[in-house]
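Work through the following exercises with the sequence and the structure open beside you. Try each task before reading its solution.

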Amino acid sequence: MAGLKRRVPMHSLRYFISMVGLFSKSGLLPWYARNPPGWSQLFLGTVCKGDFTHVIATKCQKGQKSQKKPSHLGPLDGSWQERLADVVTPLWRLSYEEQLKVKFEAQKKILQRLESYIQMLNGVNVTTAVPKSESLPCLLHPIIPSPVINGYRNKSTFSVNRGPDGNPKTVGYYLGTWRDGNIVCVRSNNLKNVPEKHSQVAQYYEVFLRQSPLEPCLVFHEGGYWRELVVRTNSQGHTMAIITFHPQKLSQEELHVQKETVKEFFIRGPGAACDLTSLYFQESTMTRCSHQQSPYQLLFGEPYIFEELLSLKIRISPDAFFQINTAGAEMLYRTVGELTGVNSDTILLDICCGTGVIGLSLAQHTSQVLGIELVEQAVEDARWTAAFNGITNSEFHTGRAEKILPGLLKSKEDGQSIVAVVNPARAGLHYKVIQAIRNCRAIRTLVFVSCKLHGESTRNVIELCCPPDPAKKLLSEPFVLQQAVPVDLFPHTPHCELVLLFTR
């Protein structure tokens with residue numbers, strides 16, 4: 001695009017970027033040991049730039065009509081378990097090879113849309129609000145498959161509500177919508193992505209609820225107490241359960257009775273069959289509470305679970321972010337590491353670092369690792385992991401990236417090269433983070449990991465690549481998208497991680 005003369009005026013550019021957001025919306029199953037045969041040889045799609053006529057997404061086979069989202073929840077829509085699978089894991093009826101083809105095609109379309117936006121920024125054939133383009137903005141690599149296909153989740157969140165039989169003490173996943181008033185809670189036993197161990201703990205929690213004299217909290221303003229269940233497991237089979245409870249107006253003595261009752265159930269009662277490593281209890285009057293807002297109370301067991309990944313022993317707290325597919329995460333982090341190209345003269349900046357795995361796995365190859373993470377417990381985990389593994393060239397900062405990053409970058413402006421890695425939540429990065437990255441000339445390489453490149457994440461990419469815009473305080477030269485690598489961490493679902501390499 002260097003030879004193009006016509007540029008979009010700054011006011012048009014700002015209008016375009018603002019519009020992008022409007023265009024977008026019973027025993028332990030050893031899942032970790034189940035490596036699908038032959039997938040190490042899988043090759044889906046040639047490394048491509050531009051022409052994808054030889055890569056065709058396989059559509060669902062005949063008889064797949066039940067995959068369509070039901071317009072109502074009547075008794076003729078198939079079994080409850082099948083309908084739940086169609087919502088939570090829409091690709092479950094396809095072979096894994098077919099799933100990967102569908103996902104590869106989806107990532108290609110995302111990049112084509114992105115190329116259209118970038119062309120619009122540079123004044124190339126802008127004729128429609130959402131231009132169509134068959135070209136790609138970068139090199140697209142073949143999709144990397146997940147080493148584990150079934151039961152891969154290391155964390156599951158179960159809701160409590162009325163089941164198909166009307167019992168309000170049912171533990172599972174939701175069908176229907178709150179807006180339509182047709183919410184039904186269905187057990188997860190047959191979901192391909194949920195480990196048997198997670199479903200087992202959920203079933204015993206349901207047994208406990210049905211013995212408890214206290215009602216569940218279905219809607220906050222209507223009262224009730226027992227709420228959702230989170231189950232976390234690791235590759236060694238250790239299991240952490242976290243129960244959320246609305247205290248309403250119970251006294252501390254009454255709360256103590258409930259905590260002792262659920263503790264006894266899982267230690268010496270029927271729930272002992274779950275063989276929990278730890279049980280946490282959180283009193284919460286909001287939909288979501290952090291540890292700082294309402295501390296996680298350890299009722300029994302170990303305070304953490306640990307994972308082995310990329311030759312590191314990693315500590316994981318109750319609310320710390322960790323990729324839900326452990327084996328897939330190793331593939332993802334290896335990919336990120338290869339794309340960064342770090343060396344002994346490089347500072348690695350890990351933004352939205354979670355428990356710090358990406359940065360710590362590359363610490364031996366860099367001069368320093370700097371991590372930023374909002375969740376305080378996750379930062380404590382990262383610091384523990386660094387100390388336990390003998391890593392001395394890392395530091396981790398707690399807080400919002402938009403507040404910490406600008407000052408951190410100023411303190412490092414000594415001419416040393418910085419490689420940045422960002423792995424934001426689906427909401428994308430705050431605009432001040434983009435400004436700080438864009439305006440730090442020491443950052444020449446950026447690796448952006450996204451599981452949903454829509455809405456704000458798309459805006460992030462556009463603002464990284466757009467021409468300088470003083471009005472938006474994007475002053476330094478733009479980044480250029482060079483490579484894209486899809487990594488499948490979510491078999492049976494449409495989701496896929498997309499790793500993007502930017503340089504300038």
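The exercises below concern a predicted model.

**Exercise 1. Helix α6**

Task: Work out what end-to-end distance helix α6 should have, and compare it with the model.

Solution. Step 1: helix α6 covers residues 326-340, which is 15 residues. Step 2: the expected span is 1.5 Å times one less than the number of residues, so α6 should span 21 Å. Step 3: the C-alpha atoms at the ends of α6 are 21 Å apart, in agreement with the expected span.

Task: Describe what lies at the start of α6 and what comes after α6.

Solution. Step 1: at the start, a side-chain oxygen of N325 comes to within 3.4 Å of the backbone nitrogen of A327. Step 2: after α6 comes G341, which has a positive phi, near 65 degrees.

Task: Which residues of α6 are buried, and what covers them?

Solution. Step 1: the buried residues of α6 are T326, G328, A329, L332, Y333, T335, V336, G337, L339 and T340. Step 2: the cover over the buried residues of α6 includes the strands β9, β14, β15, β16 and β17, together with α7.

**Exercise 2. Cysteines**

Task: Locate C451 and list what C451 is in contact with.

Solution. Step 1: an unreviewed UniProt entry lists C451 under "active site". Step 2: C451 sits in the loop between β15 and α11. Step 3: leaving aside neighbours within four places in sequence, the contacts of C451 are R426, F490, C496 and E497.

Task: Why is the sulfur of C451 too far from the closest cysteine sulfur for a bond?

Solution. Step 1: a disulfide needs two cysteine sulfur atoms within 2.5 Å. Step 2: the closest cysteine sulfur to that of C451 belongs to C496 and is 9.9 Å away, so the distance is too great for a bond. Step 3: the count of disulfides in the model is 0.

Task: Is C274 buried or exposed?

Solution. The relative accessibility of C274 is 0%, so C274 counts as buried.

**Exercise 3. Helix α11 and S361**

Task: How many residues of α11 are buried?

Solution. Step 1: the buried residues are S457, T458, R459, N460, V461, I462, E463, L464 and C465. Step 2: these are 9 of the 10 residues of α11, so the helix is largely enclosed by the rest of the structure.

Task: Describe the surroundings of S361.

Solution. Step 1: S361 belongs to helix α7. Step 2: its relative accessibility is 16%, and S361 therefore counts as buried. Step 3: a polar atom of the S361 side chain lies 2.8 Å from the backbone oxygen of I358. Step 4: not counting residues up to four places away in sequence, S361 touches L310 and L312.

**Exercise 4. Cores and Y205**

Task: Which residues have the most contacts inside the largest nonpolar core?

Solution. Step 1: this core has 50 residues, and L111, L349, I437 and L500 have the most contacts inside it. Step 2: helix α3 gives the most to this core, with 9 residues. Step 3: apart from it lies another core of 44 residues, among them Y152, F322, V485 and L501.

Task: Place Y205 in the structure.

Solution. Step 1: Y205 lies in helix α4. Step 2: Y205 has a relative accessible area of 0%, so Y205 is buried. Step 3: T170 is 35 residues from Y205 in sequence, while their C-alpha atoms are 9.1 Å apart. Step 4: beyond its neighbours within four places in sequence, Y205 is in contact with residues including V160, W226, I243 and F266.

Terms used: Residues numbered from 1 in each chain as written. Predicted model: local features only at pLDDT ≥ 70, side-chain atom pairs only at ≥ 80, totals over all residues. Heavy atoms only, no water. Helix = DSSP H or I, 4+ residues; strand = E, 2+ residues; numbered from the N terminus. Buried < 20%, exposed > 50% of the residue type's maximum accessible area, 1.4 Å probe, protein only. Contact = heavy atoms within 4.5 Å. Polar contact = N/O pair within 3.5 Å; in protein donor to acceptor, adjacent residues only side chain to side chain. UniProt positions renumbered as here; feature names shortened; annotations may be inferred. Core = buried A, V, L, I, M, F, W, Y, C linked by side-chain atoms within 4.5 Å.
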